[in-house]
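The exercises that follow ask how two helices pack against each other and what surrounds a bound ligand. Please work through each task before reading its solution.

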Amino acid sequence: MSDLSDFPGGLHLNDQKSLSNQSLIQPGPLPDRLWVPLQQHIGTPAEPVVQPGDAVGKGQLIARATDTISAAVHAPASGTLQAIADYPIAHTSGLPAPCLVIQTDGQDIRADLPPPIRNYYDTDPDILRERIRWAGIVGLGGALFPTSVKAQPACAVHTLIINAVECEPYITCDDRLMREQAADLISGVEIMRTLIRPERTLIGIEDNKPEALAALQVALAGHPQIALRSVPTRYPSGGERQLIRVLTDLSVPSGGLPSDIGVLCQNVATCVAVADAVLRGQPLITRIVTLTGRGVVRPGNYRTLIGTRLDALIEHVGGYTADAQRLVLGGPMMGVSLAHDQVPITKGSNCFIVGTADELPEPPPAQPCIRCGACVPVCPANLLPQQLYWHARARDLEKTQAYHLFDCIECGCCAQVCPAQIPLVDYYRHAKAEIVSAQREQVKADRARERHEARQQRLVRQKAERQAKMRRKQEALQKQSNLADDPQQAVIAAAVARVAARKAPPDGTE
Ligand code: SF4
Ligand code: SF4
């Protein structure tokens, strides 16, 4: 009997993975210029530590983490820092973001890097976490959360889950990584285990990756504490909550985090990056990118320098085919369309699809919702997608939250089956962004109000102090004037003063 559980909803999709997973990971190009964004992670942007005109070595720290929730950035190649300037990045907003622009020299001159830590199991965990932080490692499965923070959980973690599922169609970078670097992956998992000390460690992998599964089985010899679990292929089994449910039968509470139930998830590429940082002293300066779709000449997986522009990578793989039509960052279910290819590859760029018109047709115009309910049974988060849609469309943000909008993982299953072709996920994303923005505004307004109230209180206090001082002064003046006006009072006051002086102890004796 299987010891796996199940999650609701989901879809069986044509995975299209063989387009890109048939060949070894290939090196990407060394472009003349790299655009390295300062923010490639969740949290505060990194802060440059180099100036335009500075020479930089490969792997040199060029921007430091500014906060706990931040990530360092390193030079992916040697060369000269040309500028720190805004540049378009791969994001739905299409807005530019600050980038460090490096003119590469083609020399591949390495910076001084820290020494390997081979005996990590005997090393102070804080030293290991500091190495992971130095390396600028973030969740490479898409979460982009700084890994050094995850490696120091606030609550006890009983189960560490390594997410090797890669369930979205077309994407195969983790699949190839596991086939080719399974031993590195297991080293990274052991380092994470050293830091987190879970009771059990489970690797979950979909059963449509037999080669990767076999490679992991070999690499796991001698690691009895790590269990490998093959999970049935069904999208989105790689969603964090869905995988936790399948592997442990535990459910993350609505609005909660896996850590609330003692579970921590880590992506396979992140574990390999951890192994590179600890065992080799290498910062995160490359990532494996799946470049796929029938619109590129040689789809495959490419180890690409962070900051390489997508057009340079596409040129490197033979360019576009004649019928290339659409460009998508990410997979076809959760990805976002890109308007052009002049965007840099970042730590989070796991996949780009160049689709033909047949492959990734432009979405047809949406029709009104016919309340068919087809979107409900496919939702893996047990939500009511059509209700969310109605409220998001009406911009009734309170209602969207009452219907647990933030439990939506934006998997796109509902939109995939919607006969009215409504871009449901766009509505959810928009509503989430509005709520987050309103919350930020509220926090700002609250802070401004607190500052205003504190200032008002200070002014009132200062005024009261001034008035009291004035009153004391007036009373003293009044007293003096009373004495001057009444000679009898003046005589009495002088007598009282003389008696007091006689009674007072001589100087120095008390
Ligand atoms: S599947 Fe589409 S048309 Fe049907 S209820 Fe859901 S949103 Fe409405
Ligand atoms: S996108 Fe959100 S609402 Fe739609 S099926 Fe996925 S989790 Fe459910």
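**Exercise 1.** Determine how helix α4 and helix α7 pack, and which residues make the contact.

*Solution.* Helix α4 (residues 182-196) and helix α7 (residues 268-280) pack with their axes 7 Å apart and at an angle of about 80 degrees, the axes being lines fitted to C-alpha atoms over the stretch in contact and the angles running from 0 to 180 degrees between N-to-C directions. Because angles of 65 to 115 degrees count as roughly perpendicular, α4 is roughly perpendicular to α7. On the α4 side the contact (heavy atoms within 4.5 Å) involves D184, L185, S187, G188, V189, I191 and M192, while α7 contributes V268, C271, V272, V274, A275, V278, L279 and R280. These residues divide into eleven nonpolar, two polar and two charged.

This is a predicted model, in which local features need pLDDT of at least 70 and side-chain atom pairs count only at pLDDT 80 or more. Residues are numbered from 1 along each chain as its sequence is written.

**Exercise 2.** Decide whether α4 is largely enclosed or not, and check its length.

*Solution.* With 15 residues, α4 reaches 21 Å from its first C-alpha to its last, close to the 21 Å expected at 1.5 Å a residue. Of those 15 residues, 13 are buried (under 20% relative accessible area, 1.4 Å probe, protein chains only), so α4 is largely enclosed by the rest of the structure. R197, which follows α4, has a positive phi near 50 degrees.

**Exercise 3.** Identify the helices that supply the shell around ligand 2.

*Solution.* α11 (413-417) and α12 (424-485) each supply at least two residues of this shell.

Terms used:
Chains lettered and ligands numbered in written order. Heavy atoms only, no water. Helix = DSSP H or I, 4+ residues; strand = E, 2+ residues; numbered from the N terminus. Parallel < 35°, antiparallel > 145°, perpendicular 65-115°, else oblique. Nonpolar A, V, L, I, M, F, W, Y, C, P; charged D, E, K, R; others polar. Expected span 1.5 Å × (residues − 1). Buried < 20%, exposed > 50% of the residue type's maximum accessible area, 1.4 Å probe, protein only.
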